[in-house]
Amino acid sequence: MDTCILTFSLLNGSDLLFAFVCLFVCLFFRYGLREFVVIAPAANNDAVLSESKCNLLLSSVSIALGNTGCQVPLFVQIHHKWRRMYVGECQGPGVRTDFEMVHLRKVPNQYTHLSGLLDIFKSKIGCPLTPLPPVSIAIRFTYVLQDWQQYFWPQQPPDIDALVGGEVGGLEFGKLPFGACEDPISELHLATTWPHLTEGIIVDNDVYSDLDPLQAPHWSVRVRKADNPQCLLGDFVTEFFKICRRKESTDEILGRSTFEEEGREIADISHALSKLTEPAPVPIHKLSVSNMVHTAKKKIRKHRGVEESPLNNDVLNTILLFLFPDATSEKPLDGTSSTDNNNPSSESEEYNLYNQFKSAPSDSLTYKLALCLCMINFYHGGLKGVAHLWQEFVLEMRFRWENNFLIPGLASGPPDLRCCLLHQKLQMLNCCIERKKARDEGRKTSPSDNVTNTYSGDAGKAGDQLGPDNLKDMDKEKGEVGKSWDSWSDSEEEFFECLSDTEELKGNGQEGGKKGGPKEMASLKPEGRLYQHGKLRLLHNGEPLYIPVTQEPAPMTEDLLEEQSEVLAKLGTSAEGAHLRARMQSACLLSDMESFKAANPGCFLEDFVRWYSPRDYIEEEVIDEKGNMVLKGELSARMKIPSNMWVEAWETAKPIPARRQRRLFDDTREAEKVLHYLAVQKPADLARHLLPCVIHAAVLKVKEEESLENISSVKKIIKQIISHSSKVLHFSNPEDKKLEEIIHQITNVEAVIARAAH
Amino acid sequence: MASATDSRYGQKESSDQNFDYMFKILIIGNSSVGKTSFLFRYADDSFTPAFVSTVGIDFKVKTIYRNDKRIKLQIWDTAGQERYRTITTAYYRGAMGFILMYDITNEESFNAVQDWSTQIKTYSWDNAQVLLVGNKCDMEDERVVSSERGRQLADHLGFEFFEASAKDNINVKQTFERLVDVICEKMSESLDTADPAVTGAKQGPQLTDQQAPPHQDCAC
């Protein structure tokens, strides 16, 4: 086994191996050694340059070898690293060998042929034997092809001008570039070798040579790869990662004051709101992207004077169109999540990578935004461009909130906690827009479309059917409460909807609540019915039981959820704490009870429980005094615990339909919170939010490229990268070192694929 | 409860020095299967025939020792009613372990297990650990779900299985301790493979050079 000890540091595994191989090859061929120890400077700038230092090292080596009795030759690397100059010593019993190397700038004529070399060899060893035994020789000629600039390198340099056109050079927004910018192969070596020759068999001198390379018994070829070929994808991701370390805020970068702008924004909002209350719908042509861009541009110019904005109009337009495809089309401003056709199906492993990386689905707005920012950072103005696009993006979000246009490219429903926080925030904003939109539209047309009125639950499950009768019932209701919508005044109101008709409020709600008796309440007009329960009837009068329209619980992003659960946890584990906790969470229960009471005048808690928590109503077949089998039911023991939360809430609950209740979810407040959150994100924050998306995209890109080359070792490495990344990215603040590691791995794989593709 | 996104295996929080690890565990399952009783039996060693039906989500804490480490278990108890699904599933993401419970005297609660398991898959971390527990095994007279069916379903879902009784204190402690062990196993597994220094070095040779055959010259 060959031994080689290296003292290199600051090299990662792959570089170290490469250095090792070079060194071994170098020393093996220079000195014919298979075993040696090398002392080499760790960094380039520590090179041993002075002769005295070199001598000092060598004499230390000499002493060390003498003291230890080590028989393995010991080498010291001197001069600049690239010269690969090694001098050393070996000590054996009674023998000492010095190893020296000389680099000559110009080769003297007599060293260019075998006979001259043999002469110098013989004179150097000064062998006393005569006649001198024949010398064994191995000869190798190496031809190095190094400079092939004149040859064509197939990777087209990115054509920036064509970018706006959107198709050329694989550099559309939303796609990542791939491959080496330069030829990943730096040198080709051809070696012709005569391994076993004896002096005198061949002639090779300054006038004649037997050594015709074509006749050489052994040929070999070697490829030297560029150490670190500059690869596009790796560079892209690396540059994006660098943003994470910038400290400037968006406004510092764009050179203006936040507060000034904020103030103006707020003035604009109130204006926008008052506009909304006017009956005329906003003309669609006003909502085009170019229009929006235009206004944003104007604002920026105002603040920045004549100075050019970082992104030119064409680029910005292209990006905004790419991010918000709905803005071009005539109608679909309802923003149903648009998906690209060429994306992997939602079931595939690739599509679900976002779950592992905590990024966002590859067809989502968040993911696209990440790619655009990456592209901008690299090609269009760097950090300034990033800050500019982000600002435009935030403006667009506000525009959509104010004008009730859903944000495209986001799955509907509550925030997906498997995605990155930024994605959740955007989803949250969409939830707010959805509710606001429903409310505003409901006000204009009919109220029963207004409330998000279904959930899948016990309520919907147990054989309830939405028969024609029920529909009729809903229709009736529409007409009945239509007038109340007019009075909804301001999103600052806490109530789901205010009622102008106080008369009605008195009659139905408060008095009923005070009197409380089911008998009195039974005479009230039912309100807020969703549909009739398939089987259940009210216990006291046998009327059909109606499922009420209920309020949806508030959607949550992970930071809100964390906040809330911290509050809950702080209450501690005592009985009082638990009670308080339940109380804090009872808003939803109370709201559902109120809705239920409104929909089923005169109902009992038993009725509610049979719908809401069926197992808490226990039915038994008993035989009555007449000998008939009858079903007798009662609340479960736990529901009968005196003054338990459920009973308490039931007693407090007034018959108020969902739409007149206090809103469980204040969409106005939440939306403003999200918009503020977005506005204060620095480019560095943004880059941290989106880095998982960029890594996700880079991995998909590497996978795609690999599939063209089909390199099994690379497949394995990609798998490792995925599992490694998913471990690192699950932490909310992954260490930079670990992120760098991932990016480095991706870059390496890219280089391997680029070489293979050569 | 700490963040859903922070250290997966709840490293020690600086404010609380009384434990080495914190595991978050969620108990889920249909309404009335005995989740709260099960938790009270484990955390307080008490049993009451009727606990107030849980509203939203509640929790208890218990610290145990495992391999010389103090492990704080923060066990979240959830409301089983359908209506609370959206609220409780939001908490799934932060949990390292689940106890999925059904009631051996109630067919419906058993039939819902598949559903609950899908919820876990959808909302939790991909390597959260799950134990299936058939509770109320003291009520043998009213049993409608055989042990065999429970075991088969657990096998099918890839969960470990226990039948337990909070009332008679059967298998309660065992269930939690087994869950902790499974989480610990998973944790050490993932720590082994997660070390980038190790994986990085291993990948080195593959990423760069096929080893240059030593009989070839070098460029200098």
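How many bridges join E2(B) to strand E3 of chain B, and in which direction do the two strands run? Keep that question in mind as you open the viewer, and remember that this is a predicted model.

**Stop 1: the sheet of chain B**

Select residues 57–66 of chain B, which are strand E2, and then residues 69–78, which are strand E3. Here is the reply to the opening question: ten bridges join them, and they run antiparallel. To see one facing pair, pick B:Ile57 and look across to B:Thr78 in E3(B).

Now show the whole sheet. It is an open sheet of six strands, and walking across it you meet E2-E3-E1-E4-E5-E6, with mixed pairing. At the edges sit strand E2 and strand E6 (160–163), each of which pairs on one side only. On average, neighbouring strands are turned by 25° against each other, direction ignored. As background, strands of a sheet pair through backbone hydrogen bonds, in either a parallel or an antiparallel way.

**Stop 2: strand E1 of chain B**

Next, select residues 21–29 of chain B, strand E1. Is this strand enclosed or open to the outside? Nine of its nine residues are buried, so E1(B) is largely enclosed by the rest of the structure.

Turn on the side chains here. In a regular strand, side chains alternate between the two faces of the sheet. In E1(B), B:Tyr21, B:Phe23, B:Ile25, B:Ile27 and B:Gly29 point one way, while B:Met22, B:Lys24, B:Leu26 and B:Ile28 point the other way.

Look at the partners of this strand too. E1(B) pairs with E3(B) in the parallel sense over seven bridges, and B:Tyr21 has B:Ile71 as its bridge partner in E3(B). E1(B) and E4(B) also run parallel, joined by five bridges; there, B:Ile28 has B:Leu100 as its bridge partner.

**Stop 3: a helix across the strands**

Stay in chain B and select residues 113–123, helix H4. This helix lies across strands E1, E4 (97–103) and E5 (129–135), and runs at about 165° to E4(B).

**Stop 4: chain A**

Move to chain A, where the secondary structure comes to 25 helices and twelve strands. Of its 758 residues, 48% count as buried.

For one buried residue, select A:Phe36 in strand E2 (residues 35–39) of chain A. A:Phe36 counts as buried because its relative accessibility is 1%, under the 20% cut-off. Add A:Pro73 to the selection: A:Phe36 and A:Pro73 are 37 residues apart in sequence, but 5.0 Å apart in space from C-alpha to C-alpha.

**Stop 5: two pairs of helices in chain A**

Select helix H4 (residues 232–243) and helix H23 (residues 683–709) of chain A. They pack at about 165° with axes 8 Å apart, which makes H4(A) roughly antiparallel to H23(A). Their crossing is left-handed. Contact residues include A:Phe240 and A:Phe241 of H4(A), and A:Leu690 and A:Leu691 of H23(A). The residues of this contact divide into 13 nonpolar, no polar and one charged.

For the second pair, choose helix H11 (residues 382–403) and helix H22 (residues 667–680) of chain A. Their angle is about 170° and their axes are 10 Å apart, so H11(A) is roughly antiparallel to H22(A). Where do they meet? Among the residues in contact are A:Trp390 and A:Trp401 in H11(A), and A:Leu675 and A:Leu678 in H22(A). This contact has eight nonpolar residues, one polar and three charged.

Technical notes. Residues are numbered from 1 along each chain as its sequence is written. Chains are lettered from A and ligands numbered from 1 in the order in which they are written. This is a predicted model: local features need pLDDT of at least 70, side-chain atom pairs count only at pLDDT 80 or more; totals for chains, interfaces and linings use all residues. Side-chain values use heavy atoms; hydrogens and water are left out. Two strands pair if DSSP finds at least two bridges between them. Helices (H or I, at least four residues) and strands (E, at least two) are DSSP runs, numbered from the N terminus. Axes are lines fitted to C-alpha atoms, for helices over the stretch in contact, and angles run from 0 to 180 degrees between N-to-C directions. Contact means heavy atoms within 4.5 Å. Angles under 35 degrees count as roughly parallel, over 145 as roughly antiparallel, 65 to 115 as roughly perpendicular and the rest as oblique. A crossing is left-handed if the near helix is turned anticlockwise from the far one by less than a right angle, and right-handed if clockwise. Ala, Val, Leu, Ile, Met, Phe, Trp, Tyr, Cys and Pro count as nonpolar, Asp, Glu, Lys and Arg as charged, and the others, Gly among them, as polar. Buried means under 20% relative accessible area, exposed over 50%, partly exposed in between (1.4 Å probe, protein chains only).
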